[in-house]
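Some words used for protein models rest on a cut-off, and it helps to see each value set beside that cut-off. How does the reasoning run for the structure shown here?

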Amino acid sequence: MIVKIENLVKRYDELIALDHLNLVINEGEIFGLLGPNGSGKTTAINCLLSLLKFNKGTIEIFGKEMKPSAYDIKRDIGIVMQNVAVFDELTVYENIDYFCGLYVKDKNTRKDLVKEAIEFVALKDYVKFYPPKLSGGLLRRLNIACGIAHKPKLIILDEPTVAVDPQSRNNILEGIKKLNEQGATIIYTSHYMEEIEQLCSRLAILDKGKVIASGTKEEIKGMISIGEKIVVETFNINENHIDKIRDIPNVIDVELRDNNLTIRQKNGASNLINILSFITDHDISYGKIYSELPTLNDVFLEITGKELRD
Ligand SMILES: Nc1ncnc2c1ncn2[C@@H]1O[C@H](COP(=O)(O)OP(=O)(O)OP(=O)(O)O)[C@@H](O)[C@H]1O
């Protein structure tokens, strides 16, 4: 076990930002913290790092109590914060060297580590650039290099892909997988369910400072009643048809949005043939028809009644 958080409570005056939060993160995992804006992800990370005092609960990292003076623990943690935190007055190389130097004294060892980090985030062509001259994606990559150059055992990334172009985003996600393959345990916070699905082996979904679901993607999706969604692109369907589809056995709900009819079905039941028969029997014109498994947004919607992204 790399991280164990028990009954963590953090209040900002009247607001309960973390409400008896429990989390266990095991060695070698890429663990996702998924939740909408304001659900408490950053607060949880800041408490975990002892950057914030909390009201109640315990935090253990590497089997030891985490506290502000736990420098032996901090040495093995790498942090990539949501807001890029680098020095505009230092070049790309100097920034990475500075942050790595907080942990690694020996110059030669540091030189190798900085070189490796630069190669890792593919910033070789920019080593002499100052941050204000870098694009958003390159800055994020520099931010990551500064957080990981000292080869920490636990790497925490707080929404590292916000406002990043798709190519840099893929680059960052691939890099995180590589760090994990090299042995680092990763905690990754995001409000993008697609990223968490793609990257994480286990995850917790947060809402209002509480864990509302945790486990592997499959375990979490198995918690809800929806097992399958059938989407039909349709052009002349009316309310009467929709009501009748609602009455087909095992259909949970039906929604029409922008010519797309989404039919959510109970777990374990397949209705594709029945839906197709209904559509052809009622002369409803249709385009694409496909079936998909529930997403993490469906889980969030069913448990909280809200969408992950409002
Ligand atoms: N310094 C603070 N003072 C008062 N309230 C705060 C403070 N920091 C955060 N909060 C509140 O605590 C709650 C949790 O915020 P937090 O930033 O941890 O959420 P988050 O899930 O990380 O969201 P985001 O993705 O927007 O960063 C929110 O309601 C937020 O408004």
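**From values to words**

In this predicted model, 35% of the 310 residues of the chain count as buried.

Q: Why is asparagine 7 called exposed?
A: Asparagine 7 has 12 other C-beta atoms within 10 Å, and a residue is exposed if that number is 12 or fewer, so asparagine 7, which has 12, is exposed. This asparagine is found in strand β1, residues 3–12, and its phi, near 50 degrees, is a positive value in a residue other than glycine.

Q: How do you know that aspartate 258 is exposed?
A: Aspartate 258 has 5 other C-beta atoms within 10 Å; since the cut-off for an exposed residue is 12 or fewer, aspartate 258 is therefore exposed. Aspartate 258 lies in the loop between β12 (251–257) and β13 (260–266), and although it is not a glycine, its phi is positive, at about 50 degrees.

Q: What makes up the shell around the ligand by class?
A: The shell has 3 nonpolar, 8 polar and 1 charged residues. Among the residues that surround the ligand are Tyr12, Leu15, Ala17 and Lys41; Tyr, Leu and Ala count as nonpolar and Lys as charged, so Tyr12, Leu15 and Ala17 are nonpolar and Lys41 is charged.

Q: Which element supplies the largest share of that shell?
A: The largest share, 3 residues, comes from α1, and both β2 (15–25) and α1 (41–48) supply at least two residues each.

Note on methods:
Residues are numbered from 1 along each chain as its sequence is written. This is a predicted model: local features need pLDDT of at least 70, side-chain atom pairs count only at pLDDT 80 or more; totals for chains, interfaces and linings use all residues. A residue is near a molecule or strand if its C-beta atom, placed from the backbone, lies within 6 Å of it. Helices (H or I, at least four residues) and strands (E, at least two) are DSSP runs, numbered from the N terminus. A residue is buried if 20 or more other C-beta atoms lie within 10 Å of its own, exposed if 12 or fewer, and partly exposed in between; C-beta atoms are placed from the backbone.
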